[in-house]
Amino acid sequence: MKKLLNYINGELKAPAGGKYLDNYDPSRGKVYSLIPDSGPEDVEEAVKAAQAAFGEWSTKTAKERSEIMMRVSQLIDKNREHLAKAESLDNGKPLKLARTVDIPRARDNFAFFATAILHDEDPFYNMGTAGFNYTLRQPIGTVGCISPWNLPLYLFTWKIAPALAAGNCVVAKPSEVTPMTAFLLSELCIEAGMPAGVLNIVHGTGPGAGQAMVEHPGVKAISFTGGTKTGEHIARTAAPMFKKLSLELGGKNPNIIFADCDFEKTLSTSVLSSFANQGQICLCGSRIFIERPIYEKFRDAFVEKVKKLQVGPPLEESSKMGAVVSKPHMDKVLSYVELAREEGGTVLYGGERVPQAGEFSEGYYLQPTVIEGLSYDCRTNQEEIFGPVVTLTPFDTEEEVLRMANSTNYGLAATIWTQNLNRAHRVASEVQSGIIWINCWLVRDLRTLFGGMKASGVGREGGYEALHFFTEPKNVCLQY
Ligand code: NAD
């Protein structure tokens, strides 16, 4: 069985303790590779390698760093089909999604930050005869990047690329649930001529490798994307050491649909925003609020469309939804459907596993699930499910929908659907979410701010926000 390796000091290495974890193919429910179960020893070696590489990497010109990173981007592009198939197999997502979204975005993450540093500017504050100030931004040193399983290479590179571009050396840990494309990236970094120690990839569990990274005094900043509970734990560990922290956490996103919306566009985008990647995108809308005059019409049309979503093996072109990522995750999602029933909800469609034939019979396939009849403040509507489950709730007034939309602890993303420009902007300013889409969903420009408020996170990624997070700014004041 294929054994993945860590990438430390420019080399592929077995974990120091010689232990491995099972890696599952969710489409078949079978172990198909083994990943290093790394621990503090491996992290120590990675941090030492990063510290040794820092002097040379941080003093390269932006152009020199950019050229190396562009080579990685080009190699991702050259290997995109191979990477897309690997991502689909490892995660369960439809190949088409990995091919059109995950891998192109990983390529773009490297290219975007590699070129951003060629155009960066820092402020200069002129005080006339009293002198002047300027901002000197310097890389932090060794930084840690920890990512989740839902968009594996996409989110892994979204952290690594700005960290490297800003001149840091990186110790990174992908999710132990989806490690494959991070391993393939380490091979591409070697091919691209990334200097040894600049990027180190340590595989393993959160409590094992992840915790060791967060606790290591040599790791000066942590950029984390994952669940809110894990974020809380990381914050508690890192805060007394005064590490810089960027936390991108869970969500429970509202779709707010007014009666004057463009019905067809709202309908088709809402189906997508509910069930793309099996509902396992942090930006998926999971609570759909519909203004009462169109509630029944929207509900019936939505359910009809959802029934037509083909669930099946991820590599089959006809599959619109693949497998959810793991057995524990599938069980968690199903337990929420049960909870929704107990809380008085009506399952309009879904709620069951989707049986598959032959080699896929043990895979983790779930129906897209639509539920109505729940109160906005019940657990099903307050807790993150992170799977193919949405609830439909009618509303009568703007005040009412804002109260319901803002009622959760989360504040990541929201969509607003209306043709009334004044209302669109008014509601956007009142919704407690870090990312708001009006009459669209998941339209991304990598320059824009990305992140959540409340229990959805601390700080923002994207564009210069990400580059600035990975630097330590100084104000320099001079009088002449
Ligand atoms: P998770 O929190 O279980 O794991 C995320 C990563 O943290 C993994 O690599 C894991 O190994 C590591 N980890 C776990 N415990 C750790 C510890 N003690 N120290 C250091 N690292 C540790 O999350 P998940 O189940 O992989 O991902 C799903 C969650 O991620 C959902 O809540 C989802 O909303 C969230 N998410 C958020 C965003 C965003 O941008 N806000 C994007 C994608 C996913």
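**Close-up views of a sheet and a ligand site**

**View 1. A bridge pair between two strands.** In this predicted model, T135 has N475 of β21 as its bridge partner. Strand β7 covers residues 132-139. Eight bridges join β7 to β21. The two strands run antiparallel.

**View 2. The sheet around β7.** Three strands form an open sheet in the order β6-β7-β21. Their pairing is antiparallel. β6 (124-126) and β21 (471-478) are the edge strands. Each has a single partner strand, so one side of each lacks a neighbour in the sheet. Neighbouring strands are turned against each other by 20° on average, direction ignored. Strands of a sheet pair through backbone hydrogen bonds.

**View 3. Polar side chains at the ligand.** Three side chains each place a polar atom by a ligand oxygen. For E384, the distance is 2.5 Å. For T230, the distance is 2.6 Å. For W149, the distance is 2.8 Å. The protein covers 88% of the ligand's accessible area, which is 850 Å² for the ligand on its own.

**View 4. The pocket and its shell.** The ligand sits in the largest pocket. Which elements give two or more residues to the shell around the ligand? They are α7 (206-215), β11 (221-225) and α8 (228-238). α7 gives the most, with four residues.

**View 5. Residues closest to the ligand.** The ligand is surrounded by 31 residues. The closest are K173, E176, T230, L249 and E384. Two of these names return from View 3: T230 and E384.

Definitions and conventions: Residues numbered from 1 in each chain as written. Predicted model: local features only at pLDDT ≥ 70, side-chain atom pairs only at ≥ 80, totals over all residues. Heavy atoms only, no water. Pairing = 2+ DSSP bridges. Axes fitted to C-alpha atoms, helices over the stretch in contact; angles between N-to-C directions. Near = heavy atom within 4 Å. Polar contact = N/O pair within 3.5 Å; in protein donor to acceptor, adjacent residues only side chain to side chain. Areas by Shrake-Rupley, 256 points an atom, 1.4 Å probe, with all protein chains shown as cover. 1 Å grid on protein atoms, 1.4 Å probe; cavity = no way out; pocket = protein on both sides within 12 Å on 5 of 7 lines; lining within 4 Å. Sits in = over half its atoms within 2 Å of the grid points.
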